[in-house]
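Here is a short tour of one structure, with a strand and two residues as its stops. Please keep the model open beside the text.

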Amino acid sequence: MINAVVYNSLTGSCEKYAKLISAALHVPAVAMGEHLRSDGKVIYIGWARAGSIYGYAAAAKKYNIAAAVLVSMSPAGEKNIAAARKADKIGPEIAVFNVQGAFHMDKLPAPYKLVMKAINKAIAKRIQGLDSPSEAELATLKMALEGDGEPVSWNVDEIVAWAKQ
């Protein structure tokens, strides 16, 4: 049984997903670092940073993580999950999910803005080269080109269904 949803949010997407999941599961959503009883299992939600789930290692030391959620501006996929499992050394006993989040360049700290400007150019070039981009890829393209955008949906059904089993 999941007792809480813990999140580490940079621009608001992780927090939004945490609140959606916590509402569906009727458990608290708390920001990393806020007081939470250390007993019980949690779902940890963090943003994508260089293929890893930001804050996962610190959260794993503090909480009993049953599932981790990677929030990325790119479309969700098994490739992202595999990269996060490897980067964060997440074993098979922990469920890992990937959801597409929003992107807001104006909310990023200055060093991240510089990095993301370069990364966004590469992302846009890759997606523009696709014959038939998916709806999620088009959302990512908008984020990359405009520096702002929302995911296709804020769907947490898969995560909630897993948590209720």
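What follows looks at strand β6 and its partners, then at Glu137 and Ser13.

This is a predicted model, in which local features need pLDDT of at least 70 and side-chain atom pairs count only at pLDDT 80 or more, while totals for chains, interfaces and linings use all residues. Residues are numbered from 1 along each chain as its sequence is written, and side-chain values use heavy atoms, with hydrogens and water left out.

Let's begin with β6 (residues 95–100), a DSSP run of E with at least two residues. Six of its six residues are buried (under 20% relative accessible area, 1.4 Å probe, protein chains only), so the strand is largely enclosed by the rest of the structure. Ala95, Phe97 and Val99 point one way, and Val96, Asn98 and Gln100 the other. In a regular strand the side chains alternate between the two faces of the sheet.

β6 pairs with β5 (residues 64–72) in the parallel sense over six bridges; pairing requires at least two DSSP bridges. Ala95 is the bridge partner of Ala67. Together with helix α3 (residues 78–88), the two strands form a right-handed β-α-β unit.

Next come two residues in helices (DSSP runs of H or I, at least four residues). Their contacts (heavy atoms within 4.5 Å) leave out neighbours up to four places away in sequence.

| Residue | Helix | Contacts |
|---|---|---|
| Glu137 | α5 (residues 135–146) | Pro75, Ile127, Leu130, Ser132 |
| Ser13 | α1 (residues 13–25) | Val71, Gly101, Ala102, Trp154 |

Ser13 counts as buried because its relative accessibility is 6%. The side chain of Glu137 reaches the backbone nitrogen of Ser134 at 2.6 Å.

Note on methods:
Buried < 20%, exposed > 50% of the residue type's maximum accessible area, 1.4 Å probe, protein only. Right-handed = clockwise from strand over helix to strand, strands pointing away. Polar contact = N/O pair within 3.5 Å; in protein donor to acceptor, adjacent residues only side chain to side chain.
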